[in-house]
Amino acid sequence: MKSYLAVIFNEVCTERLILRRLREGDGPAMFVVHGDPATNQYNPTGPDANLATSEESLRRWLLHWKEYGFGYWAVMLPRTEDVLGFGGVMHLTWRNRDVLNLYYRFTPSAWGKGYATELARAAVALAREHLPQWPVIARTRSENIASIRTAVRAGLLRRPDLDTEHIVFALGWTSIDDPRNSL
């Protein structure tokens, strides 16, 4: 299953983007995106402090690819090697359940062009088709309007019952006590 997923998720072409598997050399591009204060305006931990911090995240993300056969992508435009951002879905345990976390973060120069929505839609479609056993969730801050719009445009539904310190959007989540589970 893992090798099957690795083929499916390895490189995905959308209408305007190439979503490719992460590479060991992506650390500097990750730092450009994750080290920028503008891209971390709503991140309570703030931007990555240095390249080593971004490279540590990259190592964790690469391990996820190795373990599961899918994970977050580097996002590029066709015919370029410039990374505009990172995103996709990654498995995690949240509220004692296995879920797929929908993630998207882009350089400010890529904002306002619909790239996050294009990435999110592709990630959700692949997740629902190939990983339907896990719900897809997106967590964001109430003031992060662009992220909220992206989650909605990707087909996720607002779930006030799951809100904690974040606004939560989900697709495929059913509560343990949901009567639909007994059907």
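Contact is defined here as heavy atoms within 4.5 Å. The structure is a predicted model, in which local features need pLDDT of at least 70 and side-chain atom pairs count only at pLDDT 80 or more, while totals for chains, interfaces and linings use all residues. Residues are numbered from 1 along each chain as its sequence is written, and side-chain values use heavy atoms, with hydrogens and water left out.

Not counting residues up to four places away in sequence, Val89 touches ten residues named as Phe9, Phe70, Gly71, Tyr72, Leu100, Asn101, Leu102, Ala123, Ala127 and Val136. The largest nonpolar core (buried Ala, Val, Leu, Ile, Met, Phe, Trp, Tyr and Cys residues joined through side-chain atoms within 4.5 Å; buried meaning under 20% relative accessible area with a 1.4 Å probe, protein chains only) has 48 residues. Those touching the most other members are Phe9, Trp73, Phe86, Val89, Leu102, Tyr104 and Phe106. Helix H4 gives the most to this core, with nine residues; helices (H or I, at least four residues) and strands (E, at least two) are DSSP runs numbered from the N terminus. Another core, of seven residues, lies apart from it and includes Trp94, Val99, Ile137 and Ala170.

Helix H4 (residues 115-130) also contains Glu118, which counts as buried at 13% relative accessibility. A polar atom of the Glu118 side chain lies 3.2 Å from the backbone nitrogen of Glu15.

In helix H2 (residues 27-34), the buried residues are Gly27, Met30, Val33 and His34. They lie on the same side of H2 because they cover an arc of only 120 degrees around the axis, taken from the directions from the helix axis to the C-beta atoms.

Key
Buried < 20%, exposed > 50% of the residue type's maximum accessible area, 1.4 Å probe, protein only. Polar contact = N/O pair within 3.5 Å; in protein donor to acceptor, adjacent residues only side chain to side chain.
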